[in-house]
Amino acid sequence: IMFREPQVAVITDFGIAKERSQDHSLTETGQVIGTTAYMSPEQLGTGETDGRSDQYSLGIVFYELLAGRRPFLGTSFYELAMQQLSRRPDRLSGPVAVFDPIVQRMLAKAPEQRYPDCAA
């Protein structure tokens, strides 16, 4: 996430960021493209993606900012993917624990367990 101006953030890599109007035929079915550490479980599996997938990726960023590390650490695609698909992140503690319920919900494995949208 970079800033063009103090109040204008730009996503440079969010798994793979793309505009909604972009041609969806640019990627092949079954092909994984993106930064594994920030990909939602549905991006790694066969699920459909929507804004809740971006919410999951943003939850990873929030967790990293609050905890000082990513919630899932691994040295290979497979190791990170397995954690994204099956492991809950450790709870936030200390002064940032107040944000834990929000971040945990953003990082729910099932999209329907996340907030319906980021405004919520």
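In which segment is R114 found? R114 is found in the segment after α4 (100-106), where helices (H or I, at least four residues) and strands (E, at least two) are DSSP runs numbered from the N terminus. This is a predicted model, in which local features need pLDDT (the predictor's confidence in each residue, from 0 to 100) of at least 70, side-chain atom pairs count only at pLDDT 80 or more, and totals for chains, interfaces and linings use all residues. Residues are numbered from 1 along each chain as its sequence is written, and side-chain values use heavy atoms, with hydrogens and water left out.

**View 1. Surroundings of R114.** R114 has 2% relative accessibility and therefore counts as buried (buried, under 20% relative accessible area; exposed, over 50%; partly exposed, in between; 1.4 Å probe, protein chains only). Its contacts (heavy atoms within 4.5 Å) beyond neighbours within four places in sequence include S40, R52 and Y56.

**View 2. Salt bridge of R52 and D50.** A salt bridge (side-chain nitrogen of Lys or Arg within 4 Å of a carboxyl oxygen of Asp or Glu) joins R52 to D50, with the closest N and O atoms 2.8 Å apart. R52 is partly exposed at 23%, as is D50 at 32%.

**View 3. Salt bridge of R69 and D90.** The closest N and O atoms of R69 and D90 are 3.1 Å apart. R69 lies in the loop between α2 (51-67) and α3 (77-86) and D90 in the loop between α3 and α4, so the pair ties together parts 21 residues apart in sequence. R69, R87 and D90 form a network of salt bridges.
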